[in-house]
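Grab your viewer and work through these exercises one at a time. Try each task before you read its solution.

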Amino acid sequence: MTTADARWMGAALALSERGKGLTAPNPNVGCVIVRDGRVVGRGWTQPGGRPHAEAMALAEAGEKSRGATCYVTLEPCAHESPRGPACSDLLIAAGVARVIIAMGDPDPRTDGDGIARLRGAGIEVATDVRDGDARRAMAGFLTRQALGRPQVTLKLAMSLDGAVAMGDGTSKWITGAEARAHAHVERARHEAILVGRATLEADAPALDVRLAGLEGRSPRRFLLSHGDAPDGWELLRDPTDIVGLKGVDHLLVEGGMATAAAFLSADLVDRLSLYRAPILIGAGRTLPDIGLADLPDAHGRWILHDARRLGSDRVEVYERAKGLV
């Protein structure tokens, strides 16, 4: 892998993030086509999974694809569908000289066949270029491929002393406007969002995306409850019901405390998004029992991936220390 290859793959990875939360059941792939040191085509998987990133980039590049290098975050598909031809065939027909791939596709319909087809056509292929970054970018798709369920992010807003609400249950608003806006961006990057019955009855949350230009990316709303779900909501009776959930690669769990504890106890949380406000509450509500028997067992489970200031608040993103995919 050259420095230039890593840099151009970074551009493809950035493009892949544009489709996150919109492409299920297909992965959110990014692609750039480079010729003579300049980008001639860009693409990312479109809502609903088509067109694929490579098809978009090739359409933009046109004849400039001939002899160019294609950087793509996932192995080009090798299977045709009623919605479009195989991307490996499109790249061959376009006459690209090189294809640089971040990671192989675990989908059994491709799984190495795309790479083999490209090499069989005389195209130079390099793989595993920034594969770790690609796995993080497509973690929802990969989690579903490996485990049959979406990647789960647990979002919590808390005070410096770890309270997620006042003693009477009041939690609006622990964090400030900047942190709340960031949380809406997170919603827009998930196909589904979930709360428990107590949160629904206490707050009547809309759970939509209220940011200009992103209103159309509001996720599907799920309720964790043994009762009925109101109109516009979908019902899950147990955290394990997320296995086999259709059309969802990324699930955001937003509340409340019992729901958060239920997902943690079931070991179904892959990512933590913690918003910390510079306030002290005292005698506030914290998470209930999450099934931890011994304190040493709490250590080594989470690794800090990102941290940043949001106005006077701070967000910290943690990932599983031992990734599942």
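**Exercise 1. Work out which residues cover each face of strand 6, and whether they are buried or exposed.**

Keep in mind that this is a predicted model.

Step 1. Start with the general pattern: side chains in a regular strand alternate between the two faces of the sheet.

Step 2. Split strand 6 that way. One side carries Gln-151, Thr-153, Lys-155 and Ala-157, and the other carries Val-152, Leu-154, Leu-156 and Met-158.

Step 3. Apply the burial cut-off, under 20% relative accessible area. The residues on both sides are all buried, so both faces are covered.

Step 4. Count them up: eight of the eight residues in 151-158 are buried, so strand 6 is largely enclosed by the rest of the structure.

**Exercise 2. Find which strands pair with strand 6, and in which sense.**

Step 1. Look at strand 10 (residues 250-255): it runs parallel to strand 6, and four bridges join the two. To get your bearings, find Leu-154, which stands opposite Val-253.

Step 2. Now look at strand 11. Its pairing with strand 6 is also parallel, over six bridges. Here Thr-153 stands opposite Arg-271.

**Exercise 3. Identify the residues that touch the most other members of the largest nonpolar core.**

Step 1. Recall the background: nonpolar side chains tend to be buried together in soluble globular proteins.

Step 2. The largest core has 39 residues, and Met-9, Ile-33 and Val-99 touch the most other members. Helix 1 (residues 3-16) gives the largest share of this core, five residues.

Step 3. Zoom in on Ile-33. Setting aside neighbours within four places in sequence, its contacts include Arg-38, Val-40, Ala-57, Leu-58, Ala-61 and Cys-70.

Step 4. Don't miss the second, separate core. That one has 23 residues, among them Leu-156, Leu-224, Val-253 and Ala-260.

**Exercise 4. Take the salt bridges Arg-117 to Asp-89 and Arg-136 to Glu-319, and say where the partners sit and how accessible they are.**

Step 1. The idea behind it: side chains of opposite charge can pair when their charged atoms come close. The cut-off here is within 4 Å, nitrogen to carboxyl oxygen, and the count by this rule is 20 salt bridges.

Step 2. Arg-117 and Asp-89 meet at 3.1 Å, N to O. Arg-117 is in helix 4 (residues 113-120) and Asp-89 in helix 3 (residues 87-94), so you're looking at a link between distant parts of the chain, 28 residues apart. Arg-117 counts as partly exposed at 31% relative accessibility, and Asp-89 does too at 28%.

Step 3. Arg-136 and Glu-319 meet at 2.8 Å. Arg-136 belongs to helix 5 (residues 131-137) and Glu-319 to strand 13 (residues 313-320), so this pair ties together parts 183 residues apart in sequence. Arg-136 is partly exposed at 35%, whereas Glu-319 is buried at 19%.

Step 4. Shared partners can build a network: Glu-17, Glu-186, Arg-189 and Arg-271 are joined into one.

Step 5. For another pair, check Glu-63 and Arg-66, whose closest N and O atoms are 3.9 Å apart. Glu-63 is exposed at 63%, while Arg-66 is partly exposed at 44%.

**Exercise 5. Track down the backbone oddities: which peptide bonds are cis, and where is phi positive at a non-glycine?**

Step 1. For cis bonds, go to Arg-50 to Pro-51, with omega near -10°. Pro-51 sits in the loop between strand 2 (38-44) and helix 2 (53-61).

Step 2. The bond from Gly-255 to Gly-256 is cis as well, with omega near -5°. Gly-256 lies in the loop between strand 10 and helix 9 (257-265).

Step 3. For phi, check Arg-130, at about 60°, in the loop between strand 5 (124-126) and helix 5. Ala-283 has a positive phi of about 55° and lies in the loop between strand 11 and strand 12.

Step 4. Compare their accessibility: Arg-130 is partly exposed at 31%, whereas Ala-283 is exposed at 77%.

Technical notes
Residues numbered from 1 in each chain as written. Predicted model: local features only at pLDDT ≥ 70, side-chain atom pairs only at ≥ 80, totals over all residues. Heavy atoms only, no water. Buried < 20%, exposed > 50% of the residue type's maximum accessible area, 1.4 Å probe, protein only. Pairing = 2+ DSSP bridges. Core = buried A, V, L, I, M, F, W, Y, C linked by side-chain atoms within 4.5 Å. Contact = heavy atoms within 4.5 Å. Salt bridge = Lys/Arg side-chain N within 4 Å of Asp/Glu carboxyl O.
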